[in-house]
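Open the model in your viewer and keep the selection panel at hand. The tour moves from stop to stop, with something to select at each.

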Amino acid sequence: ARRFFAPLTLSVDVQGDRVEIFAFNDTTRPWSGTLRWSLETFEGEPLAVGEAAVHAPPLRTSLVGRLEMGDFLRRRGRALAFVAEWEGRPTGERPDPSLEPSGRCVALFAPERDLHLPDPGLEVTLHAHGATVEILIRARALARFVALSLEGADVPFSDNFFDLPAGRAVSVRAPLPRGWTLEEFRRNLRIRTLADVRPGAPRWRDRLVRRFVRLSPRLLLERLLSAAWMP
């Protein structure tokens with residue numbers, strides 16, 4: 001929710017083979033910065049890279065760029081990731097740490113259920129800073145929806161449920177529960193991603209169920225009524 005309602009954020013919308021990038025600025029000051037993007041495999045092999053200047057007027061949604069990825073998708077399939085990262089600051093003003101743009105966005109070209117997400121090979125390192133634990137996470141392949149939890153204690157993490165593209169690293173902080181050692185924190189830390197979720201039924205059965213749902217009389221009737229009322 002914090003990421004979704006951030007006053008400055010980036011959004012990537014995939015429509016078929018087209019990628020549209022938007023900058024959302026809910027502040028009263030204009031922002032400018034640099035957008036860097038890459039089309040890459042889940043293992044981090046870059047297929048195309050680029051950058052563009054971002055100018056985000058106040059209280060407005062701005063289209064940053066529109067890219068066609070059809071050639072790459074036809075050659076390499078849809079198991080690719082589009083990664084956009086934005087570094088920005090207020091135009092003509094000193095940076096405000098409380099209003100740093102939410103700058104990384106990952107988009108896929110097919111539903112996750114139709115893709116084989118590889119084992120991200122997460123490398124995790126912990127450091128204690130007084131009563132705070134810093135968790136450094138690096139991914140060897142795309143880590144979709146990284147989820148952190150701590151068994152035996154309810155602690156807030158500085159970030160959670162995020163995407164981590166291949167070759168990138170992220171630092172997450174959490175309070176060390178009272179009476180715990182760093183080793184106890186390490187033993188009870190659980191980090192999962194969408195790659196850890198396995199379907200409970202074979203793929204062919206899932207496709208068959210979805211086909212029956214699409215052909216159900218109720219859904220067909222709703223589509224007919226919707227088409228009848230469209231201008």
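What follows is a walk through aromatic residues, a buried asparagine, two sheets and a set of salt bridges. Keep in mind that the model is predicted.

**Stop 1: an aromatic pair**

Select W37 and F82 and show their rings. How are these two rings arranged, and how many degrees lie between the planes? They are stacked, with 15 degrees between the planes and 5.6 Å from centre to centre. The structure has one aromatic pair by the rule used here, which puts the cut-off for ring centres at 6.5 Å. Now colour the strands around the rings. W37 belongs to strand β3 (residues 31–41) and F82 to strand β6 (residues 80–90), so the pair ties together parts that lie 45 residues apart in sequence. With a surface displayed, look for both residues: W37 is buried, and F82 is buried too.

**Stop 2: F42**

Next, select F42, in the loop that runs between β3 and β4 (46–56). Is F42 buried or exposed? Its relative accessible area is 3%, and residues under 20% count as buried, so F42 is buried. Display the contacts of F42, leaving out residues up to four places away in sequence: among them are A79, L80 and A81. The list also includes L108, L115, H116, L117 and P118, as well as A141, L142 and A166. To check one of these partners on the backbone, draw a distance between the C-alpha atoms of F42 and L80: it comes to 6.0 Å, with the two positions 38 residues apart along the chain.

**Stop 3: N160**

Move to N160, in the loop between β10 (143–150) and β11 (162–164). What does the side chain of N160 reach? It reaches the backbone nitrogen of L148, at 2.8 Å. L148 is also one of the residues that N160 touches; the others, not counting residues up to four places away in sequence, are R3, V146 and A147. N160 has a relative accessibility of 18% and counts as buried.

**Stop 4: the sheet with β10**

Stay with β10 and add its partners to the selection. Three strands make up an open sheet here, ordered β11-β10-β13, with antiparallel pairing. The edges are β11 and β13 (189–192), each of which pairs on one side only. On average, neighbouring strands of this sheet are turned by 40 degrees against each other, direction ignored. Select β10 together with β13: the two pair in the antiparallel sense over four bridges. For one position along this pairing, pick L150, whose bridge partner in β13 is L189.

**Stop 5: the sheet with β9**

Now select β8, β9 and β12. In this order the three strands form an open sheet, and their pairing is antiparallel. Which strands lie at the edge? They are β8 (123–129) and β12 (169–175), each pairing on one side only. From one strand to the next, the twist averages 20 degrees. Hide β12 and look at the other two: β8 and strand β9 (residues 132–138) run antiparallel and are joined by seven bridges. Within them, H127 stands opposite E134 in β9.

**Stop 6: salt bridges**

Last, show charged side chains. How many salt bridges does the structure hold? The count is 15; three pairs and one network are visited here.

- Select R36 and E51. They form a salt bridge, the closest N and O atoms being 3.8 Å apart. R36 is in strand β3 and E51 in strand β4, 15 residues apart. R36 is partly exposed at 38% relative accessibility, while E51, at 56%, is exposed.
- Select R168 and E40. In this salt bridge the closest N and O atoms are 3.0 Å apart. R168 sits in the loop between β11 and β12 and E40 in strand β3, so the pair ties together parts 128 residues apart in sequence. R168 and E40 are both buried.
- Select E123 and R140. Their side chains meet in a salt bridge at 3.4 Å, N to O. E123 lies in strand β8 and R140 in the loop between β9 and β10, 17 residues apart. E123 is partly exposed, at 38% relative accessible area, and R140 is exposed, at 54%.
- Select D17, D71, R74 and R78 together. These residues are linked in a network of salt bridges.

Technical notes
Residues are numbered from 1 along each chain as its sequence is written. This is a predicted model: local features need pLDDT of at least 70, side-chain atom pairs count only at pLDDT 80 or more; totals for chains, interfaces and linings use all residues. Side-chain values use heavy atoms; hydrogens and water are left out. Rings of Phe, Tyr and Trp (its six-membered ring) pair if their centres lie within 6.5 Å; planes under 30 degrees apart count as stacked, over 60 as edge-to-face and the rest as tilted. Buried means under 20% relative accessible area, exposed over 50%, partly exposed in between (1.4 Å probe, protein chains only). Contact means heavy atoms within 4.5 Å. A polar contact is a pair of N or O atoms within 3.5 Å; within protein, one must be able to donate a hydrogen and the other to accept it, and residues adjacent in sequence count only if both atoms are side-chain atoms. Two strands pair if DSSP finds at least two bridges between them. Axes are lines fitted to C-alpha atoms, for helices over the stretch in contact, and angles run from 0 to 180 degrees between N-to-C directions. A salt bridge is a side-chain nitrogen of Lys or Arg within 4 Å of a carboxyl oxygen of Asp or Glu.
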